[in-house]
Amino acid sequence: MSSRTERISTIFSQTIGLIPIEKLKVRRTFYNVNQALFCKEQVGDFTIVYDCGGNSKKVVNAAIHRSFKANDTIDIVFLSHYDRDHVNGIFELLNFCNVSHLILPMVSNLRRFLSFEDMQDDSSDVELFCEDAEEYMNLHNLRTKVHYVTETEDDDEKRTINYENLPREIPSGAKIRKNDIDWTYVVYNRRLMNKDEEKRFLEALGLLSTATFASIKDAWKKVNLDIRKALEKVNIIKIREINIYSMTVYSGCCRNKCGCLYLGDYNAKDYFEEHGNYKIFDYFEAQKKWASDPEENLPEDYYVWWGY
């Protein structure tokens with residue numbers, strides 16, 4: 001048993017219409033990878049991972065081996081963005097387990113390069129994964145299918161995509177549904193910079209807006225700029241906002257509103273308080289707030305415990 005304490009944020013059981021006798025058990029584990037993110041969710045026998053990073057590869061790789069056995073099946077891996085504390089364990093995960101689908105945010109060559117530069121790891125595998133994840137799979141003979149969530153939201157809020165028929169490009173705001181367990185995953189890809197801002201940044205490097213990943217890398221070496229200083233130099237983004245770009249995922253039962261919102265580095269608390277004065281509570285605060293209001297209580301069979 002590991003000495004590291006993991007946050008097991010769930011055991012949520014509920015009776016699902018499609019599973020009339022058994023109860024569907026949902027288990028979410030947030031692993032201790034220090035200032036980083038690695039989450040595992042199991043809905044019955046269906047397994048997803050949201051982000052796979054650690055403050056070092058050693059830390060996250062150890063967590064992967066605590067979480068899975070060799071050749072275990074992972075149905076979906078969602079990566080919120082390409083920053084190292086969210087993706088530096090993906091290489092071990094892809095080789096240690098059988099990952100059916102990898103879902104990534106569709107971002108520009110510039111944004112992927114900025115994440116690669118911030119990783120401070122110039123290995124060929126890291127560079128290729130950031131530049132072209134599909135080519136990375138081909139090179140390493142991996143059967144994982146790669147999908148991208150676009151940066152534009154689908155106008156049709158009811159747009160639903162069956163898990164069994166996932167397209168290469170998934171519209172932001174779409175619902176990925178696993179019909180046999182009546183479960184859904186809603187994905188949103190928030191854009192960090194608009195096209196004019198990206199154009200202005202690339203022009204500062206002497207490049208056109210159509211610049212490739214490789215040409216951006218070559219130009220960057222010549223100027224040798226710090227990422228955050230470079231962004232501020234062309235008045236694009238504040239230092240504190242560089243990581244707010246994240247693909248978020250809501251995971252929950254199709255028939256009620258109880259689920260989990262995976263946010264990556266997205267600052268949802270500030271957003272919701274600024275847009276409608278919504279309040280966000282963690283599980284324990286929610287328990288205290290709603291203890292005296294029987295109409296707003298959390299489900300009786302939803303609880304949190306600590307494990308290893």
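**Exercise 1. Work out why Cys254 forms no bond with the closest cysteine sulfur, and how accessible Cys254 is.**

Step 1. In this predicted model, the sulfur closest to that of Cys254 belongs to Cys253, at 6.0 Å.

Step 2. A disulfide needs its two sulfur atoms within 2.5 Å, so the separation of 6.0 Å is too far for a bond.

Step 3. Now look at the surroundings: Cys254 has a relative accessibility of 29% and counts as partly exposed.

**Exercise 2. Find how many disulfides the whole structure has, then describe Cys97.**

Step 1. Searching the whole structure gives zero disulfides.

Step 2. Cys97 is accordingly in no disulfide, and its nearest cysteine sulfur, in Cys52, is 8.9 Å away.

Step 3. Check burial as well: the relative accessible area of Cys97 is 3%. The cut-off for buried is under 20%, so Cys97 is buried.

**Exercise 3. Explain why strand β5 (residues 73–78) counts as largely enclosed, and place its partners.**

Step 1. Count the buried residues: five of the six in β5 are buried, so the rest of the structure largely encloses this strand.

Step 2. Turn to one partner. Strand β4 (residues 46–52) pairs with β5 in the parallel sense over three bridges, and Val49 stands opposite Val77 in β5.

Step 3. Follow the connection: β4, helix α1 (residues 57–67) and β5 together make a right-handed β-α-β unit.

Step 4. Strand β6 (residues 98–105) is also joined to β5, by five bridges, and these two strands run parallel. Here Ile74 has Val99 of β6 as its bridge partner.

**Exercise 4. Assign the faces of strand β10 (residues 175–178) and trace its pairings.**

Step 1. Recall the general pattern: side chains in a regular strand alternate between the two faces of the sheet.

Step 2. Sort the residues of β10: Ile176 and Lys178 make up the covered face, while Lys175 and Arg177 make up the uncovered one.

Step 3. Add the parallel neighbour. Strand β8 (residues 160–162) is joined to β10 by three bridges, with Thr160 opposite Lys175.

Step 4. Add the antiparallel neighbour. Four bridges link β10 to strand β11 (residues 183–189), and Lys178, from the covered face, stands opposite Trp183 in β11.

Step 5. Finish at the turn: the hairpin of β10 and β11 has four residues between the strands, and in this hairpin Asp182 takes a positive phi near 55°.

Key
Residues are numbered from 1 along each chain as its sequence is written. This is a predicted model: local features need pLDDT of at least 70, side-chain atom pairs count only at pLDDT 80 or more; totals for chains, interfaces and linings use all residues. Side-chain values use heavy atoms; hydrogens and water are left out. Buried means under 20% relative accessible area, exposed over 50%, partly exposed in between (1.4 Å probe, protein chains only). Two strands pair if DSSP finds at least two bridges between them. A crossover is right-handed if, with the strands pointing away from the viewer, the path from the first strand over the helix to the second runs clockwise.
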